[in-house]
Amino acid sequence: MPRANRRRDDGAPLDLARVTGGIPQRARYAGGEWFVRSVTGAGAQRAYLCPGCQQDISVGVPHVVVWPADGLGGVDNRRHWHTQCWSARERRRPQGSFR
Ligand SMILES: [Zn+2]
């Protein structure tokens, strides 16, 4: 699992919420296919731990939810990510890079 130690605040990140409009899209990550759906601030009614940065996604913060497109694990395998962390998932160093 990639370890994230730095947020990517480089300019204008991909705004998944705007791009998808709430419709699931497919994306590749960690060698598999995932569905990605945006969650609006109003829809974020509890806090989650972002796998990308290991930090909380606070209540009311728009983010994305992803789950395996192959159906393995189903909805139990959903993960909530900061939108920016998800967008930057492929750009993160696998590990050992503090900034
Ligand atoms: Zn994050």
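In the predicted model, Trp34 stands opposite Pro68 of strand 5. The pairing to which these residues belong joins strand 2 and strand 5 in the antiparallel sense, over six bridges. Trp34 also serves as the bridge partner of Ala27. Strand 1, spanning residues 25-29, is antiparallel to strand 2, and five bridges connect the two. Strand 2 is thus named in two pairings, one with strand 1 and one with strand 5. Two residues lie between the strands in the hairpin of strand 1 and strand 2, where Ala30 adopts a positive phi near 55 degrees.

The largest nonpolar core comprises 13 residues. Within this core, the most contacts are made by Val36, Cys50, Val64, Val66, Trp81, Cys85 and Trp86. At least two core residues come from each of strand 2 (32-39), strand 5 (63-68) and helix 2 (83-87). The surroundings of Cys50 were examined further, with residues up to four places away in sequence left out of the count. On this basis, Cys50 touches Gln55 and Ile57, as well as His80, Trp81, His82 and Cys85. Two of these partners, Trp81 and Cys85, are listed with Cys50 among the core residues with the most contacts.

Regarding confidence, the pLDDT averages 78 over the chain, and 65% of the residues reach a score of at least 70. The pLDDT falls below 50 over residues 95-99. Beyond near neighbours in sequence, six contacts are found for this stretch in the model.

Notes:
Residues are numbered from 1 along each chain as its sequence is written. This is a predicted model: local features need pLDDT of at least 70, side-chain atom pairs count only at pLDDT 80 or more; totals for chains, interfaces and linings use all residues. A nonpolar core is a set of buried Ala, Val, Leu, Ile, Met, Phe, Trp, Tyr and Cys residues joined through C-beta atoms within 7 Å. A residue is buried if 20 or more other C-beta atoms lie within 10 Å of its own, exposed if 12 or fewer, and partly exposed in between; C-beta atoms are placed from the backbone. Helices (H or I, at least four residues) and strands (E, at least two) are DSSP runs, numbered from the N terminus. Two residues are in contact if their C-beta atoms, placed from the backbone, lie within 7 Å. pLDDT is the predictor's confidence in each residue, from 0 to 100. Two strands pair if DSSP finds at least two bridges between them.
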